[in-house]
Amino acid sequence: MLDQGKLLMFRNRLEKMFRHRSRQARRMNVSCYRVYDHDLPEFPFCIEFYGEHLYVAEYQRHHGMDEEQHQLWLKESMDCIAEVLGVAHDQIFLRERKKMSHRDSQYEKLDSREHIFTVAENGLQFQVNLTDYLDTGLFLDHRLTRQRVREEAIGKEVLNLFCYTGSFSVYAAAGGAARVTSVDLSNTYLQWAGENLRLNGFSDKEKFPLVQADVKAWLKTLRPRQYDLVIMDPPTFSNSKKMKDFLDIQRDHVELIKDVLWAMKPGGTLYFSTNFTRFQLDREAIPAADIKDITAATTPFDFEGKLKRWCYRLIR
């Protein structure tokens with residue numbers, strides 16, 4: 001049986017975080033948010049609400065339990081989570097989040113249950129999948145960055161690189177962009193992005209094109225001064241067979257950003273972000289008119305003190 005003292009600590013922490021975060025979420029009209037993220041080392045979970053559903057990821061760690069002990073610990077932990085957060089067990093989706101050395105593991109399919117449903121964020125609709133991939137399809141930590149793009153997109157030529165499931169593209173379209181081009185190497189995620197666009201009424205393929213390409217190579221084909229607003233959120237590392245060369249974001253970020261700036265109109269804005277925690281932006285090598293670290297300014301309420309990404313705003 002699980003140490004009841006430790007379980008009580010977990011329960012108290014979870015109750016406190018849920019009371020605080022749910023109040024903030026209601027005030028901001030947010031239905032998808034993080035409640036808990038490894039706050040106690042004995043309970044290494046990431047817990048997120050997606051509407052009425054709950055996504056629970058157990059971080060892999062050396063817990064010293066055999067399989068039977070671990071399963072009992074997991075059952076008691078899940079019972080506590082269900083009770084405190086008021087969610088039925090059949091609405092909770094549990095995944096083991098193994099420590100990955102490269103972020104592009106998000107592209108690896110881990111299951112095939114395809115439990116896909118629609119959630120709302122700022123009046124927009126997105127499909128999420130809580131069973132089949134390491135990530136759900138909607139990066140909650142970019143909520144405020146997406147809103148910035150929406151507010152700045154009106155009448156602009158927008159480019160979304162490494163677009164994943166196209167949430168930035170949907171926000172740009174909703175903001176009245178003249179055109180939104182979404183580029184990703186994965187056909188699976190491009191299809192998902194297309195579905196998200198259609199879900200929100202943006203089905204014109206001429207106005208909202210989806211491009212399957214190796215971004216690093218594709219940028220070399222662009223003519224200058226095409227785009228007003230660009231979003232680039234690359235993986236930390238990628239070595240897909242579909243690519244001519246592997247991608248290492250620390251090594252390659254200057255080249256990527258230079259190629260993007262070349263394709264942008266003067267005065268245009270680039271939002272660049274990375275999940276590489278040890279990332280260092282080489283400001284001296286980047287020919288931008290202005291570079292601003294907006295990591296703190298784009299940190300949502302449910303990620304304060306826990307954010308593991310960087311975000312920059314660059315002006316051409």
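Me: Which residue forms a salt bridge with Arg309?

Reply: This is a predicted model: local features need pLDDT of at least 70, side-chain atom pairs count only at pLDDT 80 or more, and totals for chains, interfaces and linings use all residues. Numbering of residues starts from 1 along each chain as its sequence is written, and side-chain values use heavy atoms, leaving out hydrogens and water. A salt bridge is a side-chain nitrogen of Lys or Arg within 4 Å of a carboxyl oxygen of Asp or Glu. The closest N and O atoms are 3.1 Å apart here, and the partner of Arg309 is Asp141.

Me: How many residues apart are Arg309 and Asp141?

Reply: Helices (H or I, at least four residues) and strands (E, at least two) are DSSP runs numbered from the N terminus. Arg309 sits in the loop between strand S14 (290–293) and strand S15 (310–315), and Asp141 in the loop between S6 and helix H3 (143–152). The pair thus links distant parts of the chain, and the separation is 168 residues.

Me: Is Arg309 buried or exposed?

Reply: Buried means under 20% relative accessible area, exposed over 50%, and partly exposed in between (1.4 Å probe, protein chains only). Accessible areas come from the Shrake-Rupley method. Because its relative accessible area is 3%, Arg309 is buried.

Me: Which residue forms a salt bridge with Lys75?

Reply: Lys75 lies in helix H2 (residues 67–85), and its partner is in H2 too, four residues apart, about one turn of the helix. The closest N and O atoms are 2.9 Å apart. The partner is partly exposed, because its relative accessibility is 28%. Its name is Asp79.

Me: How many residues apart in sequence are Lys265 and Asp228?

Reply: The side chains of Lys265 and Asp228 meet in a salt bridge of 3.4 Å, N to O. Lys265 is in strand S13 (residues 264–274) and Asp228 in strand S10, so the pair ties together parts whose separation in sequence is 37 residues.

Me: Which element gives the largest share of the largest nonpolar core?

Reply: A nonpolar core is a set of buried Ala, Val, Leu, Ile, Met, Phe, Trp, Tyr and Cys residues joined through side-chain atoms within 4.5 Å. The largest has 34 residues, and those with the most contacts inside it are Tyr50, Val119 and Val158. Elements giving two or more residues to this core include strand S2 (45–50) and helix H4 (167–174). The largest share, five residues, comes from H4.

Me: What separates the C-alpha atoms of His253 and Asp282?

Reply: His253 is in helix H7 (residues 249–262). His253 is buried, because its relative accessible area is 2%. His253 and Asp282 are 29 residues apart along the chain, and their C-alpha atoms are separated by 8.3 Å.
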